[in-house]
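Here's a quick walk through one chain, heading by heading. Have the model open alongside as you read.

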Amino acid sequence: ATWINKNLLKDYMYHNWTAGNISGGGYAHATLLEPGAYARQPLASRLHDVALRVRAVSFIYGAEDWMSVNHAEQVRDSLYL
């Protein structure tokens, strides 16, 4: 997208994965996500077992989120159909 400052994003990503004293948010990103924002341990394959033990599973997104809701909708459909 044209609104993304690619140099700033590059620096942000680089420092999240390489800085010795990273921020809490950076630590969470580095712990939960692989480079490229792919989950280290995706929930989609494990969520069915959780859904059997709880009443509902919620997916929460912001009004203008960087993640698409499409995958959550597919997971929802596979859990409750």
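## Fold at a glance

The chain holds four helices and two strands. Going along the sequence, they come in the order α-α-β-β-α-α, with the two strands sitting between one pair of helices and another. Keep in mind that this is a predicted model.

How much of the chain is buried? Of its 81 residues, 11% are buried. As for how the chain meets itself, take the contacts between residues at least 6 apart in sequence: 23% of them join residues at least 24 apart.

## Surface

The accessible surface of the chain adds up to about 7000 Å². Carbon and sulfur atoms account for 58% of that area.

## The largest pocket

The largest pocket takes in about 740 Å³ of space. Its lining is made of 26 residues, and if you want to find the middle, look for Leu33, Ala39, Pro42, Leu43 and Met67, which lie nearest the centre. Three elements give two or more residues to this lining: α2 (24–32), β2 (38–39) and α4 (70–80). Which of them gives the most? That's α2, with four residues.

What kinds of residue line the largest pocket? The split is 18 nonpolar, six polar and two charged. So when you colour the pocket by residue type, expect the nonpolar class to show up 18 times, since Ala, Leu, Met and Pro, for instance, are all counted in that class.

## Salt bridges

Side chains of opposite charge can pair when their charged atoms come close. Here the count comes to two salt bridges, taking a cut-off of 4 Å between a side-chain nitrogen of Lys or Arg and a carboxyl oxygen of Asp or Glu.

One of them joins Lys10 and Asp11, with 3.4 Å from N to O. On the acidic side of that bridge, Asp11 is partly exposed, at a relative accessible area of 35%.

The other pairs Arg76 with Asp77, and here the closest N and O atoms are 3.0 Å apart. Are these two partners buried, exposed or partly exposed? Asp77 has 32% relative accessibility and Arg76 has 40%. Both count as partly exposed because that class covers values between 20% and 50%.

Methods: Residues numbered from 1 in each chain as written. Predicted model: local features only at pLDDT ≥ 70, side-chain atom pairs only at ≥ 80, totals over all residues. Heavy atoms only, no water. 1 Å grid on protein atoms, 1.4 Å probe; cavity = no way out; pocket = protein on both sides within 12 Å on 5 of 7 lines; lining within 4 Å. Points joined across faces, edges and corners; volume = space filled by probe spheres on them. Buried < 20%, exposed > 50% of the residue type's maximum accessible area, 1.4 Å probe, protein only. Contact = heavy atoms within 4.5 Å. Areas by Shrake-Rupley, 256 points an atom, 1.4 Å probe, with all protein chains shown as cover.
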